[in-house]
Amino acid sequence: MSAFPQHFLWGAATAAYQVEGAYNEDGKGPSIWDVFSHQPGTTYQGTNGDIAVDHYHRVKEDVKLMAEMGLQSYRFSISWPRLLPEGRGTINEAGVKFYSDLIDDLLAHGIEPMITLYHWDLPQALQDEGGWEARSTAEAFEEYARLCYSRFGSRVQKWATFNETIVFIGHGYITGSHPPSVRNPARAIQACHHVFIAHAMAVKAFCGMQINGEIGFVNVLQPHSPLTQSAEDMAASELADAIHTHWFYDPVLKGCYPAELLAQSQALWGVPRFAPGDDDLLRNNRCDFIGLNYYRRETVSSQPPAEKVSGEQGVEGLFYFVRNPQSVYTEWGWEIWPQGLTDGIMMIKARYGDIPMYITENGLGAVDPIIDGEVVDDPRIDFLRVHIDALETAIEQGADVRGYYPWSFIDLLSWLNGYKKQYGFVYVDHQQNLARKRKKSFFWYKDVIASRGEQR
Ligand code: BGP
């Protein structure tokens, strides 16, 4: 018998900008990604989500495929500017209808929806007013969240406010590789604070409106291991935990920032600046659950790497992410380390107690082999299998994990890697009018679901 509980949900995930397309149809307003990706040189070979994989027009076909695979839950995000083209105010009823129909269709097929309210596609109109650096964006987010609760709340029980704040704030305001392409840590910290405030406001509204469901936050789960057991590397790894993990989990799970780091940041940069009432707002509006996106761990050194590798680099002068010479990496330089999923889950349990968890993303980005017209994605099957093993170990060790959502249901747009980096159970043929094709992993995951994790 596997350790997965009876009510455990076997799901899969996507995000609006990466699958929908129809970027300017039926009254949708522009998002920051629409504007950013249209600027030359910002994305891989100029790829963008204008059409993406045309999920907006093929949604019925896609839900049928989900049902055929036996999916029990589908995690997707709502495009804020599709509902509120200006970010607040006038409602685009055609946008509401798209998601309303999707939810009805999922439920009709016995698939439980899990909604992410913000998967990075901020309305450009709000960016023009300062984006996440402006507190008014948090207020607009509450208005948007209330709209979603009132239109979908009687049918949807699982809600996440934000996806991976470290990524959209880190890339948006520190490395500059995502919109709004700022490179300024102090501005990043203040923008990030407004995201936590927006989250707390949305949780408060959720409770106030008595929505029958649970609301959480989705974070990157990225455990850190010191390169060596030297005191310097161990200290660097602890610092990476504090800055890259605790800073993003504590405010939504404990209701406050890690005290020491907060004091240092405020002394150094004067941020985050708190408005009156922020302390209480954070403390009183914590998550019902935490969503964990696990792809890899990082190996941490106190010294910069001899040669630069792609991916995250750490924080100059404090800690550096380096290659572990003993380990295996994907084509995109991400370490394959299933044990990190067990370790990460147990680390969250140790720090935050018995919080319910969902694995909201986990997957292998690869160029899939095609043999005699079939997509034979054995490396993906191997990757998911060992990660499901690792997840089962965490459950056996007492973690309350309630669902698993591999990234992704279907091949989709990778933010900075175009359509080359594939993750899906369903292949999309870009030469053949975006035709869908079941991959080998589709049939494999179907059996995993049908056997509730026994057969894998
Ligand atoms: C996560 C995002 C997803 C997805 C995934 C894979 O950070 O939440 O939206 O993109 O990473 O990333 P990539 O496409 O860069 O390989």
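Let me begin with the ligand: 15 residues surround it, and those that come nearest are Gln18, Glu164, Ser414, Lys421 and Tyr423. Please keep in mind throughout that this is a predicted model.

Three of these residues deserve a closer look, each through its side chain. In Glu164, a polar side-chain atom is placed 2.3 Å from a ligand oxygen atom. For Ser414, the distance from a polar side-chain atom to an oxygen atom of the ligand is 2.5 Å. Tyr423 likewise has a side-chain N or O atom 2.5 Å from an oxygen atom of the ligand. As for the ligand's surface, it exposes 380 Å² when taken alone, and the protein buries 91% of that.

What is the make-up of the shell around the ligand in nonpolar, polar and charged residues? The shell comprises six nonpolar residues, six polar ones and three charged ones.

I turn now to the protein interior. In soluble globular proteins, nonpolar side chains tend to be buried together. Here, the largest nonpolar core contains 137 residues. Within that core, Trp132, Phe152, Trp159 and Ile345 have the most contacts. Which helix gives the most to this core? That is helix H9, spanning residues 185-208, which supplies 15 residues.

Phe152 offers a useful local view of the packing. Leaving aside residues up to four places away in sequence, Phe152 touches Ile78, Leu83, Val96, Tyr99, Ser100, Ile103, Ile115 and Trp159. Trp159 thus appears both as a contact of Phe152 and among the residues with the most contacts inside the core.

Finally, there is a second, separate core of five residues, including Ala236, Ala240, Val300 and Phe319.

Notes
Residues are numbered from 1 along each chain as its sequence is written. This is a predicted model: local features need pLDDT of at least 70, side-chain atom pairs count only at pLDDT 80 or more; totals for chains, interfaces and linings use all residues. Side-chain values use heavy atoms; hydrogens and water are left out. A residue is near a molecule or strand if one of its heavy atoms lies within 4 Å of it. A polar contact is a pair of N or O atoms within 3.5 Å; within protein, one must be able to donate a hydrogen and the other to accept it, and residues adjacent in sequence count only if both atoms are side-chain atoms. Accessible areas come from the Shrake-Rupley method with a 1.4 Å probe; for residues, only the protein chains shown count as cover. Ala, Val, Leu, Ile, Met, Phe, Trp, Tyr, Cys and Pro count as nonpolar, Asp, Glu, Lys and Arg as charged, and the others, Gly among them, as polar. A nonpolar core is a set of buried Ala, Val, Leu, Ile, Met, Phe, Trp, Tyr and Cys residues joined through side-chain atoms within 4.5 Å. Buried means under 20% relative accessible area, exposed over 50%, partly exposed in between (1.4 Å probe, protein chains only). Helices (H or I, at least four residues) and strands (E, at least two) are DSSP runs, numbered from the N terminus. Contact means heavy atoms within 4.5 Å.
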